[in-house]
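This report looks at a single structure, taking its pocket, its nonpolar cores and its cysteines in turn.

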Amino acid sequence: MSKFDPYEHLNVVLNQDGSITRLLDFPTTQATGDQNHLPGQAVVSKDITLNEEKKTWMRLYRPSKLPSNDKSIAKLPIIVYLHTGGWIHFSVASTIIHESCNQLCSEVPSIVVALDYGLAPENKLPSQYHDTVDAVLWIKNQALDRANGEKWLREYGDFSRCYLYGVSCGGNIAFNSALKLLDKKLEPLRINGVILNQPLFGGKMRTKSEMRLATDPFFPLPVIDVLWDFALPKGTDRDHRFCNPMMNGPYRDKINKLGRCLVIGFGGDPLVDRQQEFVQMLVKEGVMVEARFDDVGFHGIEVVDSRRAAAIINFVKEFV
């Protein structure tokens, strides 16, 4: 039996300068544009530049059928969406991410702001956290700009009901960005909750679920280790707080100010023990936590199981 190659599993080649060549060209989908949606299309979308220098941008989604601008009608929650991809793959233009945001927007319903953050290893942590803070501050500025603020947000979004929603590595980004945002003046914007769907956390000491599922066909342990090598700052290890939220440090004093959190996980995910330890830590720190764990399922199951995908959407809908 040949030796397992995590780079081959990830379909990447590591270059001498530390960057990677991505061998897979994932299908992409263009935004509909404000006026170009087809009859019967439930969601419209458009792209907005966030930071030209950093090459970060966002795709905004809104339901195509919206009530008139009647102040008596409740506005929609604003969800900042942080995509999966193991730090290294996907864009918000990737069809798999685009369709997830369409579903989230249509079924919650909500205004979705999907962030195209910088990918690792070309962009090391905490770059992705800074990108997320930039996106949230941009949303805040739309609330303050009465004349030129983004119309979809100003007319249809409820700035007092903003949520960070991250999937896998995006869950890690959501948690750490929420901590950073505690130091920012966000009014009139309010982060009303943080949603962590199968969040990607780690640590040097192996958990029971990591050992039991070390050869998981989708997310084996050597692959998880390589992804952390790509993402973490040079000279650090998996007990850095960006990876391991269980480590002690000054940031722990801020956790009880997070507000509400929803954590979703599956029993066949190598990360499930860490996710459950994370929930216990949040509860101990005084955070209001809703934990939704299913004994059956694996990391990323919603990609191939429409029933699980619908269940996750329902969890989010109930939370917001």
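How much space lies in the largest pocket? In this predicted model, the largest pocket holds about 510 Å³ of space. Its lining is made up of 25 residues, and those closest to the pocket centre are Thr84, Gly85, His89, Phe90 and Phe218. Two elements, α1 (6-10) and α7, give two or more residues to this lining. By type, the lining residues divide into 14 nonpolar, 10 polar and 1 charged.

The nonpolar cores come next. The largest nonpolar core has 70 residues, of which Trp87 and Leu282 touch the most other members. Helix α7, residues 221-231, gives the most to this core, with 8 residues. Leaving aside residues up to four places away in sequence, Trp87 touches ten residues by name: Leu119, Ala120, Leu125, Cys169, Asn172, Ile173, Leu200, Leu227, Trp228 and Ala231. A second core, separate from this one, has 26 residues, including Val43, Ile97, Tyr163 and Ile313.

The cysteines are the last topic. A disulfide is a covalent bond between the sulfur atoms of two cysteines. A search of the whole structure finds 0 disulfides. The table lists two cysteines that are in no disulfide, each with its nearest cysteine sulfur.

| Cysteine | Nearest cysteine sulfur | Distance |
|---|---|---|
| Cys101 | Cys105 | 8.8 Å |
| Cys169 | Cys243 | 12 Å |

Are these two residues buried or exposed? Cys101 has a relative accessible area of 0%, so Cys101 is buried. Cys169 also counts as buried, because its relative accessibility is 0%.

Notes. Residues are numbered from 1 along each chain as its sequence is written. This is a predicted model: local features need pLDDT of at least 70, side-chain atom pairs count only at pLDDT 80 or more; totals for chains, interfaces and linings use all residues. Side-chain values use heavy atoms; hydrogens and water are left out. A nonpolar core is a set of buried Ala, Val, Leu, Ile, Met, Phe, Trp, Tyr and Cys residues joined through side-chain atoms within 4.5 Å. Buried means under 20% relative accessible area, exposed over 50%, partly exposed in between (1.4 Å probe, protein chains only). Helices (H or I, at least four residues) and strands (E, at least two) are DSSP runs, numbered from the N terminus. Contact means heavy atoms within 4.5 Å. On a 1 Å grid over the protein atoms alone, a cavity is a set of points where a 1.4 Å probe fits but cannot get out, and a pocket is an open set with protein on both sides within 12 Å along at least five of seven lines; lining residues have an atom within 4 Å of a point. Grid points are joined across faces, edges and corners, and a volume is the space filled by probe spheres set on the points. Ala, Val, Leu, Ile, Met, Phe, Trp, Tyr, Cys and Pro count as nonpolar, Asp, Glu, Lys and Arg as charged, and the others, Gly among them, as polar. A disulfide is a pair of cysteine sulfur atoms within 2.5 Å.
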